[in-house]
Amino acid sequence: MAIKITDECINCGACEPECPNNAIYDAGATWRFSDGTGLRGVIDFGDGNTLDAGETQAALSDDIYYIVPDKCTECVGFHDEPQCAAVCPVDCCVDDEDIRESKEELLAKKDWLHMGE
């Protein structure tokens, strides 16, 4: 599973610095896989798709803070609970029911994001 930020977000920004994967971005901000991770150069997703880790990606929301699902590990391997949800004053950082991942998958994602660090 990943965490998502709902429309109830008040754009306070409390969640952004808490993310160990730098997966949280301000409304309208572009993002990169290399931001806050060990990913550099061309990354291979294992499904035939590749991408330069430093390539700028379009914002996923222009209205509220957002979480990049491919970078979210629910803080597995870092903390006992998702830190964004722990600090959110309006409880809008919630499980994304559309993205389900096991603890093992989340740990593997963490290792992938931070390889080379």
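In what follows, a residue is called buried when its relative accessible area is under 20%, exposed when that area is over 50%, and partly exposed when it lies in between. A108 offers a case of the middle class, since its relative accessible area of 46% makes this residue partly exposed. The structure to which A108 belongs is a predicted model, and the values below were computed from that model.

It helps to begin with the overall architecture. The protein's secondary structure consists of two helices and six strands, and along the sequence these elements follow one another in the pattern β-β-β-β-β-α-β-α. The radius of gyration is 14 Å, which is close to the 13 Å given by the globule rule for 117 residues, so the protein is as compact as a globular protein of that length. Taken along the principal axes, the box filled by the C-alpha atoms is roughly 40 × 30 × 25 Å. Of the 117 residues in the protein, 42% are buried.

From this overview one can turn to the early part of the chain, where the loop between β1, residues 2–5, and β2, residues 24–25, holds E8. With a relative accessibility of 54%, E8 counts as exposed, because that value is over the 50% cut-off. E8 also belongs to a negative surface patch, which is formed together with D7, D62 and D63. The loop between β1 and β2 contains N11 as well, and N11, at 34% relative accessibility, is classed as partly exposed.

N11 deserves a second look on account of its backbone. Most residues other than glycine have a negative phi. N11, however, has a positive phi of about 55° although it is not a glycine. A positive phi of about 55° is also found at E74, likewise not a glycine, and E74 is placed in the loop between β5, residues 66–67, and α1, residues 83–87. With its relative accessibility of 13%, E74 counts as buried, because this value is under 20%.

Which residues are joined by the salt bridges of this model, and how are those residues placed with respect to the surface? The count comes to four salt bridges, and three of them can be followed here one after another, among them the one in which the side chains of D35 and R32 meet, with a distance of 3.8 Å from N to O. D35 counts as buried, at 16% relative accessibility, whereas R32, with a relative accessible area of 28%, is partly exposed. Another salt bridge links K109 with E101, and here the closest N and O atoms are 3.1 Å apart. K109 is buried, with a relative accessibility of 12%, while E101 is partly exposed at 22%. K110, in turn, forms a salt bridge with D111, the closest N and O atoms of this pair being 4.0 Å apart. K110 counts as buried at 19% relative accessibility, because that value lies under the cut-off of 20%, and D111 is partly exposed, its relative accessible area being 48%.

The last part of the picture concerns residues that are separated along the chain, and how far apart they lie in space. A108, the residue with which this account began, is located in helix α2, which spans residues 103–113. A108 and G77 are 31 residues apart in sequence, and their C-alpha atoms are 9.6 Å apart in space. R100 lies in the loop between β6, residues 93–96, and α2, and R100 is exposed, with a relative accessible area of 53%. Between R100 and C72, which are 28 residues apart along the chain, the separation of the C-alpha atoms is 12 Å. D47 is found in the loop between β3, residues 42–44, and β4, residues 50–52; its relative accessible area is 53%, and D47 is therefore exposed. From D47 to E105 there are 58 residues in sequence, and the distance between their C-alpha atoms is 16 Å.

Definitions and conventions: Residues numbered from 1 in each chain as written. Predicted model: local features only at pLDDT ≥ 70, side-chain atom pairs only at ≥ 80, totals over all residues. Heavy atoms only, no water. Patch = residues over 30% accessible without salt bridge, like charges linked within 9 Å, V, L, I, M, F, W, Y side chains within 5 Å. Areas by Shrake-Rupley, 256 points an atom, 1.4 Å probe, with all protein chains shown as cover. Lys, Arg positive; Asp, Glu negative; His and termini not counted. Charge placed at Lys NZ, Arg CZ, Asp CG, Glu CD. Helix = DSSP H or I, 4+ residues; strand = E, 2+ residues; numbered from the N terminus. Buried < 20%, exposed > 50% of the residue type's maximum accessible area, 1.4 Å probe, protein only. Rg over C-alpha atoms; globule rule 2.2 N^0.38 Å.
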